[in-house]
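Please look over this protein, with an eye to its charged side chains and its internal space. The model is predicted.

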Amino acid sequence: MTTTDWSTEARGTGQYADVNGIKLYYETHGSGRPLILLHGGLGSGEMFGPVLPALAEHHQVIAADLQGHGRTADIDRPIDIRLMADDIAALIDHLELEASDVVGYSLGGGVALQVAVRHPAKVRRLVAVSAHIRTDAIYPDMRAQQGQVNAAAVEFLKDTPMYQLYRRVAPRPEDFPRLLDKMGQAMAKDFDFTDDVRNLKVPTLVMAADADMAPPRHYVEVFSLLDGGQRDGGWMGDGRPAGGHALAILPGLTHYNIFGSPLFAAATLAFLDDQGS
C-alpha cells in the first residue's frame with residue numbers, strides 16, 4: 001500500500017455540519033440525486049478521487065469524513081459504526097434530504113449498513129463494499145494484523161497513504177496515534193450483524209473484490225441472507241430477491257484498490273440508477 005497515492009485532484013465544496021456533538025466535514029461534488037459516500041478506516045473522502053468524477057456526473061455526491069478521520073476531528077467517544085451511522089443520519093437531516101443513496105467502503109460500508117438498519121426511511125438504496133458482517137469472516141492472518149493496530153504502530157505507518165493523508169488534512173495531525181488506539185479497540189470487539197442484514201428493508205448491493213479481506217463465499221453468504229442465490233432468476237427476473245438486492249464480486253481487485261476502481265463506480269451506478277426494480 002506504500003505506493004498508493006490517496007490524494008485527489010477532484011475538488012468539491014467543503015463544509016462542516018454540527019451533528020451529535022461532532023463537527024462533521026463533508027464535500028459536495030456534482031448535482032442530481034444525493035449519494036452519501038463513506039470512506040474506509042484511516043482514510044477520508046479523498047480516497048475516492050479516481051472515481052468521484054464518474055459518480056458525480058449525474059449525482060450530488062456528498063463525501064463525508066467519519067469521526068476522527070480526514071478533516072473531522074475526533075471527540076470523546078469510541079469508534080463505533082452505530083454511532084457514526086447516527087452522525088450520517090443527522091447529516092442527511094442537516095442537508096434536508098428526504099432520502100439518500102448511501103455507499104460505503106470497508107469501515108464506511110459498516111457505517112452505511114447501520115444507517116440503513118437504524119434509519120431506513122433516510123436511505124433510498126445501499127451499497128456496502130468490502131464490509132464483512134462477522135468478526136470471524138476475515139482471514140486469520142488479517143485478524144492478527146488488526147490486533148497490532150495501536151499507537152505503537154505509528155512508526156511503521158509513516159510511509160503509508162493513510163498516515164500521509166492524515167498528516168496533510170487532519171485538523172490535529174498529532175491525534176494519529178490516538179486514532180490508531182481507538183481503531184484497534186474497535187476491531188478487537190467481536191461482532192455479528194447477521195440479523196441486521198437479514199432484516200434489511202432497503203435495496204442493497206453487496207460488493208467485494210475477488211481477493212478481498214474476507215473470501216468471496218462470505219459475501220455470497222451475506223447475499224443469501226437477503227434471499228439472494230436461492231433460485232434461478234428467471235427470464236423476466238422474477239426469481240431475483242424480492243427486496244431488489246444484488247451481489248457484485250469484482251475481478252482482479254483487492255481490499256486495497258477496489259474503492260478507486262472504475263468497476264466499483266460502474267457497478268455502483270448501475271445499481272443505483274436501475275429503473276427496472
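The report below covers salt bridges, then a buried aspartate, then a cavity.

**Salt bridges**

The whole structure holds 19 salt bridges. Three of them are set out here.

| Pair | Closest N to O distance |
|---|---|
| Glu46 and Arg71 | 2.9 Å |
| Lys122 and Asp93 | 2.8 Å |
| Asp101 and Arg124 | 2.8 Å |

Glu46 sits in the loop between β3 (33-38) and α1 (52-55), and Arg71 in the loop between β4 (59-64) and α2 (81-94), so their bridge ties together parts 25 residues apart in sequence. Both Glu46 and Arg71 are buried.

Lys122 belongs to the loop between α3 (107-118) and β6 (123-129), while Asp93 is in helix α2; the pair therefore joins parts 29 residues apart in sequence. Asp93 counts as partly exposed, because its relative accessibility is 44%.

Asp101 lies in strand β5 (residues 100-105) and Arg124 in strand β6, so this bridge links parts 23 residues apart in sequence. Asp101 is buried, at 0% relative accessible area. Arg124 is partly exposed at 31%. Asp101 and Arg124 also belong to a salt-bridge network with Arg33 and Asp273.

**A buried aspartate**

What does the side chain of Asp212 reach? It reaches the backbone nitrogen of Ala209, at 2.9 Å. Asp212 is buried but has no salt bridge. The nearest side chain of opposite charge, Arg217, is 13 Å away. Asp212 is placed in the loop between β7 (204-211) and α9 (216-225).

**Internal space**

There are 2 cavities of 30 Å³ or more. The second largest cavity holds about 50 Å³. Its lining has 4 nonpolar, 4 polar and 3 charged residues. Among the lining residues are His69, Asp74, Tyr166, Arg172 and Asp175.

Conventions:
Residues are numbered from 1 along each chain as its sequence is written. This is a predicted model: local features need pLDDT of at least 70, side-chain atom pairs count only at pLDDT 80 or more; totals for chains, interfaces and linings use all residues. Side-chain values use heavy atoms; hydrogens and water are left out. On a 1 Å grid over the protein atoms alone, a cavity is a set of points where a 1.4 Å probe fits but cannot get out, and a pocket is an open set with protein on both sides within 12 Å along at least five of seven lines; lining residues have an atom within 4 Å of a point. Grid points are joined across faces, edges and corners, and a volume is the space filled by probe spheres set on the points. Ala, Val, Leu, Ile, Met, Phe, Trp, Tyr, Cys and Pro count as nonpolar, Asp, Glu, Lys and Arg as charged, and the others, Gly among them, as polar. Helices (H or I, at least four residues) and strands (E, at least two) are DSSP runs, numbered from the N terminus. Buried means under 20% relative accessible area, exposed over 50%, partly exposed in between (1.4 Å probe, protein chains only). Lys and Arg count as positive and Asp and Glu as negative; His and the chain ends are not counted. A salt bridge is a side-chain nitrogen of Lys or Arg within 4 Å of a carboxyl oxygen of Asp or Glu. A polar contact is a pair of N or O atoms within 3.5 Å; within protein, one must be able to donate a hydrogen and the other to accept it, and residues adjacent in sequence count only if both atoms are side-chain atoms.
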